[in-house]
Amino acid sequence: MKKILYLSIFLLSVLMISCKPDPIDNGDDDTNNTDTIQEEPLVRKYLTKQLLNDDPEKIMLSIDWNEDCSQIKNVKYSMGYGSTANYKFTYYDYDSIKVDISMLNELPNWTPYYDVMIIILNEEKNIDKIYCYVNNVLQDIEKYVYNENGKLQERIYWNDEHKDKFEWTGDNVTEAVIDEKEYSYELTDFIHPHYTIPFYMSDQIFETGGRPLFTPLWKNMIKDYCNYEIDEDNYIVKKIYKDNATDTVQLFYSYYYITSNE
């Protein structure tokens, strides 16, 4: 019995030694070096509200996110008149989103081009196509084309008769053709409020000519004839327009965020 016990202990010892992991060679002879490189966490803020003159009744953009800010659930949009157009996002699987467009109050000419959009996403979760409907009748298919870096290169819309084009430098569009007009942009060092919004898409409203609802085409804010106030993370919290002659504030936009550390 003792021989069997000793033999069992011997075999267990051999097994433990053979399974012991080899020491990691990190190329450093100083075995007492415990220094490690600590990377700064990336602060990402997600826009929840843009107000005109910081008036809660004058909503320009209001965005409801899910808990981890990976999905937009609902959007209210206006130009400072109040909550005018409403966009309800409903997600299906991982590749399609239904957007129901409705009006929250009546304003002259504030009529949507479409009442439903079906967004189809590609493998990178960017917009591939948008199917646009009125009363369940397909009216248009918008197409999105990306460059080799996954940046939006073209948006094709209105029955393929219009094409917006974008030229990128790093994380910013510096040249563009939008609605057949050419643009060239100078940028600030400040973080654009729309930078972490996942989609570039139109507001689809007649009165505005279908201006962008979201513009995540720039990491940095476009230089404009205005003053900026920024927070400790370089995100814009206020954009101020002044009368140059009197240096008095004419109007300003205020921005509110929620934060997610990734």
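Residues 24 or more positions apart supply 39% of the chain's contacts with a separation of 6 or more. The model behind this figure is predicted. Its chain holds one helix and 19 strands. There are 262 residues, and 38% of them count as buried. The accessible surface comes to about 16600 Å². Carbon and sulfur atoms own 49% of that surface.

## The nonpolar core

In soluble globular proteins, nonpolar side chains tend to be buried together. Here the largest nonpolar core has 53 residues. Which of them have the most contacts inside this core? They are V75, Y87, F89, F166 and F214. Strand β2, residues 59-65, gives the most to the core, with four residues.

Y87 can be followed through its partners. Neighbours within four places in sequence are left aside here. Y87 is in contact with K73, N74, V75 and Y77, among others. Its partners also include V99, D100 and I101. Further along the chain, Y87 is in contact with D203, I205 and L213. V75 thus appears twice: as a contact of Y87, and in the list of core residues with the most contacts.

## Two pockets

Rolling a probe the size of a water molecule over the atoms shows where empty space is left. The table sets out the two pockets.

| Pocket | Space | Lining | Nearest the centre | Classes in the lining |
|---|---|---|---|---|
| Largest | about 1200 Å³ | 42 residues | R211, P212, T215, W218, I222 | 22 nonpolar, 11 polar, nine charged residues |
| Second largest | about 870 Å³ | 38 residues | K125, N126, I197, P198, F199 | 21 nonpolar, seven polar, 10 charged residues |

Which strand gives the most to the lining of the largest pocket? Strand β12, residues 181-184, does, with three residues.

The second largest pocket has K125, N126, I197, P198 and F199 nearest its centre. Three elements give two or more residues to the lining of this pocket: β1 (43-52), β5 (96-103) and β8 (137-146).

## Positive phi outside glycine

Most residues other than glycine have a negative phi, and most peptide bonds are trans. Two residues here deserve a look on that count.

D93 is not a glycine, yet has a positive phi of about 50°. D93 sits in the loop between β4 (85-92) and β5. Is D93 buried or exposed? D93 has a relative accessible area of 69%, so D93 is exposed.

W158 also has a positive phi without being a glycine, at about 55°. W158 is found in the loop between β9 (152-157) and β10 (162-169). W158 is partly exposed, because its relative accessible area is 25%.

## Three positions along the chain

P108 lies in the loop between β5 and β6 (116-121). With a relative accessible area of 62%, P108 is exposed. How far apart are the C-alpha atoms of P108 and E207? They are separated by 8.1 Å, while the two residues are 99 residues apart along the chain.

I240 belongs to strand β18, residues 236-242. I240 counts as buried because its relative accessibility is 10%, and the cut-off for buried is under 20%. The C-alpha atoms of I240 and N53 are separated by 9.1 Å. Along the chain, I240 and N53 are 187 residues apart. Which residues touch I240, leaving aside its neighbours within four places in sequence? I240 is in contact with C226, N227 and E229, and also with V249, L251 and F252.

V145 is placed in strand β8. β8 is one of the elements that give two or more residues to the lining of the second largest pocket. V145 is partly exposed, with a relative accessible area of 30%. Its C-alpha atom is separated by 8.9 Å from that of I127, 18 residues away along the chain. Neighbours within four places in sequence aside, V145 is in contact with K151, L152, Q153, E154 and I156.

Technical notes. Residues numbered from 1 in each chain as written. Predicted model: local features only at pLDDT ≥ 70, side-chain atom pairs only at ≥ 80, totals over all residues. Heavy atoms only, no water. Buried < 20%, exposed > 50% of the residue type's maximum accessible area, 1.4 Å probe, protein only. Contact = heavy atoms within 4.5 Å. Areas by Shrake-Rupley, 256 points an atom, 1.4 Å probe, with all protein chains shown as cover. 1 Å grid on protein atoms, 1.4 Å probe; cavity = no way out; pocket = protein on both sides within 12 Å on 5 of 7 lines; lining within 4 Å. Points joined across faces, edges and corners; volume = space filled by probe spheres on them. Nonpolar A, V, L, I, M, F, W, Y, C, P; charged D, E, K, R; others polar. Core = buried A, V, L, I, M, F, W, Y, C linked by side-chain atoms within 4.5 Å.
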